[in-house]
Amino acid sequence: MKLNVANPATGCQMTIEIDDEQKLQAFYDKKLAQEVDGDVIGMEWEGYVFKIMGGQDKQGFPMKQGVLTPNRVRLLLSKGSVGCRGNLMKKGERRRRSVRGCIVSHEISVLHLAIVKKGKEEVEGLTTKIIPRRLGPKRANNIRKLFNRSKEDDVRKYVIRREVKREKSGKDYSKAPKIQRLVTPLTLQRKRRRSALKKRAALKSKAEAAEYEKLIAKRNREARESRRASLSKRKSQSKKE
């Protein structure tokens with residue numbers, strides 16, 4: 001079995017191939033999102049704690065969270081879910097696809113692990129170097145979380161920009177993502193305008209409904225009066241005869 005170990009803190013990952021069944025026994029019957037001590041792989045991983053993030057079986061079918069079986073099953077999956085790419089699928093369409101359950105067994109060929117807790121010793125190529133992130137966070141709250149800022153701070157000053165080189169002209173320029181969910185005075189003004197329009201539309205519909213009720217009552221009253229007049233006319237004619 002291959003173990004793909006990733007370190008989210010540094011952005012590095014490495015693959016370990018283990019053929020010893022005694023070492024792999026610690027992973028068997030574990031579910032996705034469960035944690036495993038790193039001592040079972042070797043002494044160089046002493047103190048490390050891994051979290052099982054996913055895996056594939058020998059035929060390449062991925063493990064799916066929530067499917068409580070070590071076997072392979074066929075499920076109706078929608079576009080974008082694990083095990084269903086959704087090529088040429090319509091919106092709302094589901095197709096039956098094969099996926100592996102979330103329980104680790106000997107049928108798994110690759111297991112994806114993430115380091116939750118770092119041990120005493122450094123691992124070459126995994127904890128010794130840091131790969132910088134090419135793109136920074138885009139959402140306003142994530143930018144605040146990264147730089148430990150409060151809501152009073154201006155998020156636009158902390159957007160991570162990246163340099164782009166132009167080969168033809170030779171002039172370099174920087175690019176920054178558009179901040180999502182950014183609350184500005186303009187967005188608050190638009191929100192107030194939307195709520196005011198909703199209130200105005202509700203009041204207008206209420207007034208129109210009241211006016212319509214008055215019109216219906218008036219027409220019903222006129223119809224009753226005309227009916228009474230016609231009845232009284234018939235009675236007077238019958239008396240004359």
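Where is the place of L146? In this model, which is a predicted one, L146 sits in helix α2, the element that runs over residues 140-147, and I would like to begin there before moving on to the charged residues.

L146 is partly exposed, with a relative accessible area of 48%, and together with F147 and I160 it makes a nonpolar surface patch of about 240 Å². The buried residues of α2, by contrast, are A140, I143 and R144. Because these three cover an arc of only 100 degrees around the axis, they are on the same side of α2. Directly after the helix comes N148, and for those of you who look at backbone angles, the phi of N148 is positive, near 55 degrees.

Let me turn now to charge on the surface. A patch of negative charge is formed there by E35, D37, D39, E44, E46 and E121. One of these, E35, belongs to strand β3, which covers residues 35-37. E35 has a relative accessibility of 47%, and because buried means under 20% and exposed means over 50%, that value makes E35 partly exposed.

Next, the salt bridges. Side chains of opposite charge can pair when their charged atoms come close. With nitrogen and carboxyl oxygen required to lie within 4 Å of each other, the count in this model comes to 5 salt bridges, and I will go through some of them.

Which residues are linked with D57 in a network of salt bridges? They are R72 and R100, and I will take the two pairs in turn. In the pair of D57 and R72, the closest N and O atoms are 3.4 Å apart. This pair links distant parts of the chain, since D57 is in strand β4, residues 49-57, while R72 is in strand β5, residues 72-78, and the two residues are 15 apart. As for their surroundings, D57 counts as buried, at 1% relative accessibility, whereas R72 counts as partly exposed, at 35%.

In the pair of D57 and R100, the closest N and O atoms are 3.0 Å apart. Here too, distant parts of the chain are linked, with D57 in strand β4 and R100 in strand β6, residues 94-100, and with their positions 43 residues apart in the numbering. Are these two partners buried or exposed? Both D57 and R100 are buried. Taken together, then, the network of D57, R72 and R100 includes a partly exposed arginine, R72, and a buried arginine, R100.

Another salt bridge on my list is that of E93 with R95, in which the closest N and O atoms are 3.0 Å apart. E93 is partly exposed, at a relative accessible area of 26%, and R95 is partly exposed as well, at 27%.

Finally, a word on S169, which lies in the loop between β8, residues 162-164, and β9, residues 173-175. S169 is partly exposed, with a relative accessible area of 45%. How far apart are S169 and K214 in space, C-alpha to C-alpha? The separation is 74 Å, for two residues that are 45 residues apart in sequence.

How values were computed. Residues are numbered from 1 along each chain as its sequence is written. This is a predicted model: local features need pLDDT of at least 70, side-chain atom pairs count only at pLDDT 80 or more; totals for chains, interfaces and linings use all residues. Side-chain values use heavy atoms; hydrogens and water are left out. Patches are made of residues with over 30% relative accessible area and no salt bridge: like charges are joined within 9 Å, nonpolar side chains (Val, Leu, Ile, Met, Phe, Trp, Tyr) within 5 Å. Accessible areas come from the Shrake-Rupley method with a 1.4 Å probe; for residues, only the protein chains shown count as cover. A salt bridge is a side-chain nitrogen of Lys or Arg within 4 Å of a carboxyl oxygen of Asp or Glu. Helices (H or I, at least four residues) and strands (E, at least two) are DSSP runs, numbered from the N terminus. Buried means under 20% relative accessible area, exposed over 50%, partly exposed in between (1.4 Å probe, protein chains only). The arc is that of the directions from the helix axis to the C-beta atoms. Lys and Arg count as positive and Asp and Glu as negative; His and the chain ends are not counted. The place of a charge is taken as NZ of Lys, CZ of Arg, CG of Asp or CD of Glu.
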